[in-house]
Amino acid sequence: MKKIMLLLLLPLMVGSCKNSSEEKKELQTAESQEENATTKAEYTGPPTIYYLIRHAEKDRTNPNTQDPSLNINGLKRAQGWAKYFTSIQLDEVYATPYIRTKQTVSILAQEKAITIKTYNPANTYTEEFLNQTRGKHILIVGHSNTIPKLVNFLIGEDKYEDMDDTDNSTLYKVTLSGDEKKVEVITVD
């Protein structure tokens, strides 16, 4: 009799386990879909602001120098950038690994007590970079060819061409707020 009862209850127990297993799978699928929706959802936090500049004037006295320092005018411009950004909030400062880019923002970074982060321009054109800097105010110093390319990446358009090799005074201010992407091109002398 006990064997018959067990045989009758066995399908119910198996069915119950199966339903529990199916419920877990459905719950996991729903959670996964919810996570994907959250990941893909538009960022709604504070705007992200990027300030992008080319390094200040470099020393051109030795054309064989691949990593020149700033010249006198470049050092003055670096002081000018520090003054310009005095009242502007900055969370991070990025510079390529060249002496001239680091010198361009060293005074500013010191005054704001921010450590300069060295970056490779090829690694900044990524979603990972956007996610790491989201909601922050970022200053990026680069080169005549890398800065316009980064601006184009940030706005999702091929709008800006390489800067003139003598242009050390242009500032691109890119503001990303939800779907809105705004660029201001400012000359700072």
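This is a short dialogue about reading a predicted protein model.

Trainee: Hello! Where should I begin: how many helices and strands does the protein chain have?

Mentor: Welcome! Keep in mind that the model is predicted. The protein chain holds five helices and six strands. Along the sequence they come in the pattern α-β-α-β-α-β-α-β-α-β-β.

Trainee: What share of the protein chain counts as buried?

Mentor: Out of 189 residues, 35% count as buried. You can also look at how far apart in sequence the contacting residues lie. Among contacts in the protein chain with a separation of 6 or more, 64% join residues 24 or more positions apart.

Trainee: Next, the helices. How are two packed helices described?

Mentor: Two values are used for a packed pair: the angle between the axes and the distance between them. Here, helix H2 (residues 72–84) packs with helix H3 (residues 99–112) at an angle of about 35 degrees, and their axes are 8 Å apart. Their crossing is right-handed.

Trainee: Which residues meet where H2 packs with H3?

Mentor: From H2 come Ala-78, Gln-79, Trp-81 and Ala-82, and from H3 come Gln-103, Thr-104, Ile-107, Leu-108 and Glu-111. Sorted by class, this contact has five nonpolar, three polar and one charged residues. As you look at the numbering, recall that an α-helix has 3.6 residues a turn, so residues three or four places apart point the same way.

Trainee: What span should H3 have, and how far apart are its end C-alpha atoms?

Mentor: The 14 residues of H3, at 1.5 Å a residue, should span 20 Å, and the end C-alpha atoms are 20 Å apart, so the two values agree. There is still a bend to look for: H3 turns by about 45 degrees at Ser-106.

Trainee: Which residues of H3 are buried, and what do they pack against?

Mentor: Arg-100, Thr-101, Thr-104, Val-105, Leu-108 and Ala-109 are the buried residues of H3. They pack against H2 and four strands: E1 (48–54), E2 (92–95), E3 (116–118) and E4 (137–142).

Trainee: And H5, how many of its residues are buried?

Mentor: Helix H5 (residues 146–155) is mostly covered, with eight of its 10 residues buried. Those are Thr-146, Ile-147, Pro-148, Leu-150, Val-151, Asn-152, Leu-154 and Ile-155. Their packing partners are E1, helix H4 (127–133), E4, strand E5 (170–177) and strand E6 (180–187).

Trainee: How do I read the sign of phi?

Mentor: Most residues other than glycine have a negative phi. After H5 comes Gly-156, with a positive phi near 70 degrees. Ala-113, which follows H3, has a positive phi of about 55 degrees although it is not a glycine.

Trainee: Where is Ala-113 placed, and is it buried or exposed?

Mentor: Ala-113 sits in the loop between H3 and E3. Its relative accessible area is 70%, so it is exposed, as the cut-off for exposed is over 50%.

Trainee: What about Thr-96: is it buried or exposed?

Mentor: Thr-96 lies in the loop between E2 and H3. Its relative accessibility is 1%, so Thr-96 counts as buried.

Trainee: Which residues is Thr-96 in contact with, leaving aside its neighbours within four places in sequence?

Mentor: Thr-96 touches Thr-101, Lys-102, Thr-118, Tyr-119, Pro-121, Val-141, Gly-142 and His-143. Take Pro-121: this residue and Thr-96 are 25 residues apart along the chain, and their C-alpha atoms are separated by 7.2 Å.

Technical notes. Residues numbered from 1 in each chain as written. Predicted model: local features only at pLDDT ≥ 70, side-chain atom pairs only at ≥ 80, totals over all residues. Heavy atoms only, no water. Axes fitted to C-alpha atoms, helices over the stretch in contact; angles between N-to-C directions. Helix = DSSP H or I, 4+ residues; strand = E, 2+ residues; numbered from the N terminus. Left-handed = near helix turned anticlockwise from the far one by under 90°. Contact = heavy atoms within 4.5 Å. Nonpolar A, V, L, I, M, F, W, Y, C, P; charged D, E, K, R; others polar. Expected span 1.5 Å × (residues − 1). Bend = angle between axes of the 7 residues up to and from the residue. Buried < 20%, exposed > 50% of the residue type's maximum accessible area, 1.4 Å probe, protein only.
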